[in-house]
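Biologist: I should like to learn how the features of a two-chain model are read. May we take them one at a time?

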Number of protein chains: 2
Amino acid sequence: VLLAELKRIFATQKRGQVVLGVGDDAAVLRAPVGKVVLSVDAAIEGVHFKRPWLTLTQLGARCLHAAASDLAAMGAKPSSCVCHVTLTPGFTSAELRRLALGQARAADEIGCPVVGGNLSRGSELSVVTTVVGSVGKPLARSGARVGDEIWLVGELGAAAAGLRLLELRSGRLAKGSPGGQCVRAWREPKALVTQGLGLASCAHAVIDVSDGLGIDAERLATASAKRLVFDEAELLEALPIALLSLCRQRGWEALPLALEGGEDYALLAAGPRSQRPAWARKVGAVTRGRGAYVSLRNGERRRLGTGYDHFVADGPVTGKR
Amino acid sequence: VLLAELKRIFATQKRGQVVLGVGDDAAVLRAPVGKVVLSVDAAIEGVHFKRPWLTLTQLGARCLHAAASDLAAMGAKPSSCVCHVTLTPGFTSAELRRLALGQARAADEIGCPVVGGNLSRGSELSVVTTVVGSVGKPLARSGARVGDEIWLVGELGAAAAGLRLLELRSGRLAKGSPGGQCVRAWREPKALVTQGLGLASCAHAVIDVSDGLGIDAERLATASAKRLVFDEAELLEALPIALLSLCRQRGWEALPLALEGGEDYALLAAGPRSQRPAWARKVGAVTRGRGAYVSLRNGERRRLGTGYDHFVADGPVTGKR
């Protein structure tokens with residue numbers, strides 16, 4: 001019965017590419033024009049979220065946007081996805097329906113129908129989403145050139161501030177208030193798919209900021225064998241107003257939230273000045289060398305930290321292999 | 001450091017289709033000839049396996065074969081996969097390496113390189129594998145016709161018997177002994193990819209037997225709007241010798257193990273008698289009606305049970321959406 005309902009929820013989506021969706025051994029899709037792009041992302045209770053922090057509908061939508069963000073960072077177009085969900089004992093079918101409705105909503109927003117999935121029980125709620133898409137010329141992390149500008153697309157730090165409020169159990173926040181806006185940035189991130197497609201024609205390298213600007217900038221720098229030097233003044237200017245207002249209210253520092261927060265799913269790109277799109281903000285420059293640094297207003301240059309790392313064994317192990 | 005090693009482990013694989021593998025935001029593959037096929041499968045500690053039951057290398061390989069089996073059942077050719085792994089606290093990098101080596105071994109066996117992944121910590125070990133492949137004309141579950149034979153490809157019941165031995169903590173079993181062979185069938189299943197490709201040109205409908213013959217046959221019957229009637233005598237004749245010997249030794253009944261066991265990852269197909277390949281065994285017939293039945297040697301006809309279901313909320317919810 002539930003299965004039929006999930007089928008129905010996911011069958012209402014635009015399915016131009018879908019030959020066979022939910023319900024068989026595997027989904028079948030028309031072959032894309034260009035290359036196939038593939039990425040997997042997970043949200044695990046107690047690690048990436050706690051149940052009181054967001055509704056199940058928000059969780060479902062959030063997982064899909066987070067997974068699709070990796071494709072946005074390749075300049076790729078997401079075309080379909082499959083989801084595995086681990087359900088805790090006592091998880092009801094009404095709850096699963098809400099989760100699925102959130103996935104379906106995000107799938108519509110992104111244009112990336114859920115074509116299959118898998119359910120299991122387990123001791124913690126988790127959602128693992130694999131997104132498939134297509135790309136002509138993929139935007140790797142490795143193409144940054146000396147002399148490129150560093151571009152920021154999307155917002156930075158608001159989600160981290162929102163997460164801090166949730167962790168502090170700050171109670172109800174008015175929807176339009178700075179706190180409310182920051183919480184919403186954490187709960188309802190959007191994959192910047194259109195912007196990623198736009199970067200495909202002008203940027204040399206892109207990464208999505210999922211684990212924190214510091215760690216993700218370091219990854220782009222390493223992959224490109226270059227140095228990324230952020231400009232503190234430019235970064236501060238790029239920060240969202242809600243974040244700045246909230247930080248003023250609470251006496252928090254905004255820049256560390258922006259440097260260490262990642263769950264806004266902004267895009268970080270390197271590209272030539274002449275090609276910068278209007279919606280991309282310059283926040284630094286690519287130079288010779290290695291690593292990611294921020295050049296402070298007082299003239300100091302500081303190496304960026306490693307941001308939020310979900311898993312550390314012997315030395316830093318990052319979320320994305 | 002670990003990340004570099006995972007990259008190395010997975011980079012040694014045949015990568016004809018891989019443009020960009022482990023290490024960027026997403027993997028990039030050459031577009032396949034034909035349609036894209038996509039399926040996701042999960043193995044969760046305490047639900048699908050217990051740590052003492054198999055080595056981590058076996059676990060890694062098993063997850064890949066189980067996931068690829070869904071593509072085999074579509075008559076599809078797996079071409080690449082991405083894996084999410086949730087690691088428990090204290091999971092060492094040596095353990096992760098063993099798991100990855102198992103995945104890489106299976107990836108080689110199947111011809112389906114691991115092109116990306118995701119790591120997270122969590123309270124239970126789990127591996128979620130998404131396999132992508134290609135197919136010309138997909139073999140759905142829905143094509144069975146009245147008058148078709150039911151074909152079994154691969155073995156049935158040995159894995160269930162092996163699992164029972166593991167659950168009973170039967171201690172060391174000699175490798176070649178019936179018990180040892182059955183345990184191995186559970187620990188080291190193989191996706192029947194070649195056979196699936198072979199069925200693509202002759203069968204009308206196929207499903208892989210992952211949750212139990214009863215439940216999977218019922219799914220094929222429902223999707224095809226037909227009745228599947230298995231022949232007890234033919235089923236018994238198709239059972240593996242190791243299973244029969246073990247059952248004789250232990251005083252177990254073999255048929256229920258074959259009907260309810262599913263983790264051999266055999267293929268169940270419906271097709272015309274004249275087209276049956278030499279390696280497919282006839283075990284029944286497709287008739288008008290609904291549901292899956294077994295016709296017993298004493299003339300009775302019994303409805304097949306629902307097999308092993310990982311998740312039951314209100315009414316049966318199946319692993320595969």
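Biologist: What area is buried between chain B and chain A, and what share of it do carbon and sulfur atoms give?

Modeller: The size of an interface is often given as the accessible area lost when the parts come together. In this predicted model, about 6,200 Å² is buried between chain B and chain A, and carbon and sulfur atoms give 59% of that area. Strand 3 (residues 35–44) of chain B supplies the largest share of the side that touches chain A, namely 9 residues. Sorted by class, that side of chain B has 42 nonpolar, 18 polar and 13 charged residues.

Biologist: How many residues of each chain are in contact across the interface?

Modeller: The contact involves 73 residues of chain B and 73 residues of chain A.

Biologist: How many salt bridges and how many polar contacts cross between chain B and chain A?

Modeller: A salt bridge is counted when a side-chain nitrogen of Lys or Arg lies within 4 Å of a carboxyl oxygen of Asp or Glu. By that rule, 0 salt bridges are found across the interface of chain B and chain A. Polar contact, on the other hand, is made by 8 residue pairs between the chains, with both residues at pLDDT 80 or more.

Biologist: Where salt bridges are concerned, how many does the structure hold over all chains?

Modeller: Over all chains there are 28 salt bridges. One example is E5(A) with R97(A), whose closest N and O atoms are 2.2 Å apart. This pair links distant parts of the chain, since E5(A) belongs to helix 1 (residues 2–11) and R97(A) to helix 3 (residues 93–110) of chain A, 92 residues apart.

Biologist: Which strands of the two chains are joined by bridges, and in which direction do they run?

Modeller: Strand 3 (residues 35–44) of chain A and strand 2 (residues 27–29) of chain B run antiparallel and are joined by 3 bridges. Within this pairing, V37(A) stands opposite V28(B).

Biologist: What rotation superposes chain B on chain A?

Modeller: A rotation of 180 degrees, with 0.0 Å of shift along its axis, does so at an RMSD of 0.0 Å. That is the relation of a two-fold axis. Of the interface residues of chain B, 99% are also interface residues in chain A, so the copies meet through the same surface.

Biologist: Finally, a single residue: where does H204(B) lie?

Modeller: H204(B) is in the loop between helix 6 (193–199) and strand 8 (205–209) of chain B. Its side chain makes polar contacts with those of R145(B), at 3.4 Å, and D148(B), at 2.8 Å. H204(B) also touches A270(B), among other residues; these two are 66 residues apart in sequence, yet 5.6 Å apart in space, C-alpha to C-alpha.

Definitions and conventions: Residues numbered from 1 in each chain as written. Chains lettered and ligands numbered in written order. Predicted model: local features only at pLDDT ≥ 70, side-chain atom pairs only at ≥ 80, totals over all residues. Heavy atoms only, no water. Contact = heavy atoms within 4.5 Å. Buried area = accessible area lost by both parts, 1.4 Å probe. Polar contact = N/O pair within 3.5 Å; in protein donor to acceptor, adjacent residues only side chain to side chain. Helix = DSSP H or I, 4+ residues; strand = E, 2+ residues; numbered from the N terminus. Nonpolar A, V, L, I, M, F, W, Y, C, P; charged D, E, K, R; others polar. Pairing = 2+ DSSP bridges. Least-squares fit on C-alpha atoms with pLDDT ≥ 70 in both. Lists of a residue's contacts leave out its neighbours within four places in sequence.
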